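Student: Could you take me through one part of this model closely, namely how the helices pack against one another within a chain?

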Amino acid sequence: MPYLPTAQSYLEQSSLLLQAYPDARITTKYTFPPRPSPSTSTSTPTPTSTSKPQDATTTTTTTTTTTTSTADPTPSKPAVATLVLKTFDPRSGICLKYKTNKGAEVGRLITSLGKLAAGADVEGLGLGSSAVPTSGTADVEMGDAPALGAAGPAEGGDGAGSAGKGAGGKGKKKGGKGKR
Amino acid sequence: MPAHLGHDEFFTSLTTLLTTTSTKTRGSVYLTQKPLPPSTTTDSTTTTPSILIRATDGNTSAPNPKTHQGKTKSKAAVPKTKLSTVVNPDQLEAFYARYAEVCKAGMSGLKKRDRKKGKAKGKGGAAGGVAGGKVTKA
């Protein structure tokens, strides 16, 4: 199964899967990529992120490459771990996956996994309005188009306003009026 | 499989497991969660079953058999790290709050981007005010 593009779509699909098949299990894999050359890994395991000063010392002492010494900060370090979330239901064989390497997402993802474990539905995840499907975005686009025209007729503005009401997009509507 | 750990022991062991993996920048940690079958749970009247949480290193902390083949036989016997615990439905929220903290702290090998984080946070906050309150608690 392919990876889902966003964490949100992964969580939404997972909640749907769990509702349909409550036996589905969620696996979170935190992994480092395999090293291409085992000789370096066995001799000196370089700590990536835990300590910046240690990194600095290692880069200065070792005479490996110039690129590492020039780019001292941690993100340029080769070993960036990845986090893969997988929801798998053995009965149906459905498998949902999401992959990330951003540390900022971890807390949010795990918290959402807890909600999934508690049997939360799509709304219960509290992920927000993108669960409101394409109609909402279409309305917003309609509202934006006359706003871009700036000197649009009043008729267009009214149409956009009503559409905004329908979608519950108050912010968008206000922004349009402010521009004028 | 050894007996299930208490939450405190589980978190302590998980912290060390994640930290060692992060410092070594090698290997993997697998975390799984799945509902226990209702028959084994103590209280079957609850709507949501207890959740079984497992953590393992998948024996990835053991040396690579290809490279270490003839070197030391004793190292081949490095046991796989396995942790497990059971979370009752009423403890779920508290457990996952700690779980998220432990994972955030332990998974230090991931990219750190403060700007992106703020951006994502703003987006999430704007989308769901209800969610915002829950997130801050966690």
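**Helix packing**

Tutor: In this predicted model, helix α1 (residues 7-24) of chain B packs with helix α2 (residues 92-106) of chain B at an angle of about 20 degrees, and their axes are 9 Å apart. Because angles under 35 degrees count as roughly parallel, α1(B) and α2(B) are therefore roughly parallel to each other. In handedness, the passage of α1(B) across α2(B) is a right-handed crossing. On the side of α1(B), the contact is made by His7(B), Phe11(B), Leu14(B), Thr15(B), Leu18(B), Thr19(B) and Ser22(B), and these meet Phe95(B), Arg98(B), Val102(B) and Gly106(B) of α2(B). Sorted by class, the residues in the contact of α1(B) with α2(B) are five nonpolar, five polar and one charged.

Chain A offers a helix pair that can be described in the same terms. Here the axes of helix α1 (residues 7-20) of chain A and helix α5 (residues 106-117) of chain A come within 10 Å and cross at roughly 15 degrees, which makes α1(A) roughly parallel to α5(A). The crossing in which α1(A) passes α5(A) is right-handed. From α1(A), the residues that make the contact are Ala7(A), Leu11(A), Ser14(A), Ser15(A) and Leu18(A), while α5(A) contributes Leu109(A), Ser112(A) and Leu116(A). By class, this contact of α1(A) with α5(A) has five nonpolar and three polar residues, and no charged residues.

Key. Residues are numbered from 1 along each chain as its sequence is written. Chains are lettered from A and ligands numbered from 1 in the order in which they are written. This is a predicted model: local features need pLDDT of at least 70, side-chain atom pairs count only at pLDDT 80 or more; totals for chains, interfaces and linings use all residues. Axes are lines fitted to C-alpha atoms, for helices over the stretch in contact, and angles run from 0 to 180 degrees between N-to-C directions. Helices (H or I, at least four residues) and strands (E, at least two) are DSSP runs, numbered from the N terminus. Angles under 35 degrees count as roughly parallel, over 145 as roughly antiparallel, 65 to 115 as roughly perpendicular and the rest as oblique. A crossing is left-handed if the near helix is turned anticlockwise from the far one by less than a right angle, and right-handed if clockwise. Two residues are in contact if their C-beta atoms, placed from the backbone, lie within 7 Å. Ala, Val, Leu, Ile, Met, Phe, Trp, Tyr, Cys and Pro count as nonpolar, Asp, Glu, Lys and Arg as charged, and the others, Gly among them, as polar.
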